[in-house]
Amino acid sequence: MTGADRTSPWRGRLAAWTAGLCALVLVVTGAVFAAGADRDASEGAIALLLPEVETARYETTDRPTFMGIVDQRCPGCEVYYANADQNAATQQQQAESMLARGADVLVLDAVDAVAAVSIVQEAKRYGVPVIAYDRFIADADVEYYVSFDSELIGYLQGTALVAAVEERGPRQDGRPPGVLLVDGSPTDPNSAELAAGVRRALEGEGIEVLAQYDTPDWSPDRATDWVESRLTEFGDRVDGVYAANDGIAGGAVAAMKAAGFDPVPPVTGQDGELAAAQRIISGDQYMTVYKATTEQARTAAELAVRVLRGEEPRTTAVIDGVPSMLLAPRAVGARDVHHVLVAGGVYSVDEICTEAYRAACDRAGLREETP
């Protein structure tokens, strides 16, 4: 993706849009079912393929939102759904099964963006349009792309990390502050975009990158193991950790606590997961980036229905020649949990302030802010 081809991430915060659409789904992980056999008539079928279950959002937010919107807007449509559980070959089989069953539109969140090119090619053989969801698929003839600006997300994480490291003040040994960069999966193109944003934020700040790691499958366990090894290598030279998402952040925090770090150096995150909100309130995680994944799923569902009906929806950006819908992310630190996540209806105070976190919530004044 070149700078000439994409909209500048900090020159427009692109919002979601709404329109008419359709569909319903029944799911069992790894298997595909269609709902709607009892409908009076079917407008067609939309296939939704999600990549994995390690990241909580896919099964807790993306899938149910997509299903619910489709059911509301177009009860005459069918939706086929499957989750590949981080297996590219499984996703290929799922896509082929859906195409053979008569899917009219494919909404694809690729396990592996390179391997997914063959899924797009197979869809084209059937004459089925493909909407790339959440992860861009380069060098493939996709009709649309729905996501967030990953480079902007990385930049938000990076600037927060710089601010947090600076708050700690100069090191007593006179060395520059050091950070670990724990990137996402190398098969996810968003990881490279996130890393580019972080690097942009760190540029010229006098912060030393001690080590960098691509986390296979976005695995928190792999992140924990790697961070543990780097702490053995660098010890207290680690003044902060860039974690590409909240699952990886949880792994990094676990590693530092096990190593005796108290307090834990600042750790970034992404996705606005409930566990991340709790870690932020308790001081174990410095920040997350909240993405309105409900709006992303809603946008993708509505876009899929319009495509199914032969419409040509207006979009808000062009990425490598692909008409795209990019949504705006939001950085969330301890002071933002209430007005972004609670007032925004993402989580209730009771959900965040469970027994283990009540004291931290009281110290943060979170429970006092809610009548």
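# A walk through the predicted model

Let us begin in helix 6, which covers residues 220-234 and is where aspartate 221 has its place. The structure you are looking at is a predicted model, so please read the values below as computed from that prediction. Aspartate 221 is exposed, because its relative accessible area is 58%. This residue has company on the surface: Glu54, Asp85, Asp217, Asp221, Asp225 and Glu228 gather there in a patch of negative charge.

Right beside aspartate 221 in the numbering, proline 220 also belongs to helix 6. Here the picture changes from exposed to buried. With a relative accessible area of 19%, proline 220 is buried, and the cut-off for that word is under 20%. Proline 220 also leads us back to a member of the charged patch, glutamate 54. Along the sequence, proline 220 and glutamate 54 are 166 residues apart, yet from C-alpha to C-alpha they are 8.2 Å apart in space.

From here we can move on to the salt bridges. How many salt bridges does a search of the whole structure find? The search finds 21 of them. One of these joins the side chains of arginine 73 and glutamate 302, with 3.6 Å from N to O. Arginine 73 sits in helix 1 (residues 57-73) and glutamate 302 in helix 9 (residues 293-308), so this pair ties together parts that are 229 residues apart in sequence. The two partners can be described one by one. Arginine 73 is partly exposed, at 37% relative accessibility. Glutamate 302 is buried, with a relative accessible area of 0%.

Another salt bridge is formed by the side chains of aspartate 173 and arginine 171, which meet at 2.7 Å, N to O. Aspartate 173 counts as partly exposed because its relative accessible area is 43%, whereas arginine 171 is buried at 16%.

A further pair brings us back towards helix 6. The side chains of arginine 237 and glutamate 208 meet in a salt bridge of 2.8 Å, N to O. Arginine 237 lies in the loop between helix 6 and strand 10 (238-243), while glutamate 208 is in strand 9 (residues 208-214), so the pair ties together parts that are 29 residues apart in sequence. Glutamate 208 is partly exposed, and its relative accessible area is 32%. Salt bridges can also share partners, and in this way Glu52, Asp109, Arg135 and Asp188 are joined into one network.

Next, let us visit some loops. Aspartate 149 is in the loop between strand 7 (144-148) and helix 4 (150-167). Is aspartate 149 buried or exposed? Its relative accessibility is 6%, so aspartate 149 counts as buried. The side chain of aspartate 149 reaches the backbone nitrogen of leucine 152 at a distance of 3.1 Å.

The loop between strand 6 (130-133) and strand 7 is the place of aspartate 134, and aspartate 139 lies in the loop between strand 6 and strand 7 as well. Aspartate 134 has a phi near 70°, which is a positive value in a residue other than glycine. For aspartate 139, phi is near 55°, again a positive value in a residue other than glycine. How much of each residue can be reached from outside is another matter. At 4% relative accessibility, aspartate 134 is buried. Aspartate 139, with a relative accessible area of 79%, is exposed.

One more loop deserves a stop, the one between helix 7 (246-258) and helix 8 (274-282), where proline 263 lies. The peptide bond that runs from aspartate 262 to proline 263 is cis, and its omega is near 5°.

Our last stop is strand 12 (residues 317-319), which holds isoleucine 319. Isoleucine 319 is buried, with a relative accessible area of 1%. Which distances separate isoleucine 319 from tyrosine 145 in sequence and in space? In sequence the two are 174 residues apart, and in space they are 8.0 Å apart, C-alpha to C-alpha.

Key: Residues are numbered from 1 along each chain as its sequence is written. This is a predicted model: local features need pLDDT of at least 70, side-chain atom pairs count only at pLDDT 80 or more; totals for chains, interfaces and linings use all residues. Side-chain values use heavy atoms; hydrogens and water are left out. Patches are made of residues with over 30% relative accessible area and no salt bridge: like charges are joined within 9 Å, nonpolar side chains (Val, Leu, Ile, Met, Phe, Trp, Tyr) within 5 Å. Accessible areas come from the Shrake-Rupley method with a 1.4 Å probe; for residues, only the protein chains shown count as cover. A salt bridge is a side-chain nitrogen of Lys or Arg within 4 Å of a carboxyl oxygen of Asp or Glu. Lys and Arg count as positive and Asp and Glu as negative; His and the chain ends are not counted. The place of a charge is taken as NZ of Lys, CZ of Arg, CG of Asp or CD of Glu. Helices (H or I, at least four residues) and strands (E, at least two) are DSSP runs, numbered from the N terminus. Buried means under 20% relative accessible area, exposed over 50%, partly exposed in between (1.4 Å probe, protein chains only). A polar contact is a pair of N or O atoms within 3.5 Å; within protein, one must be able to donate a hydrogen and the other to accept it, and residues adjacent in sequence count only if both atoms are side-chain atoms.
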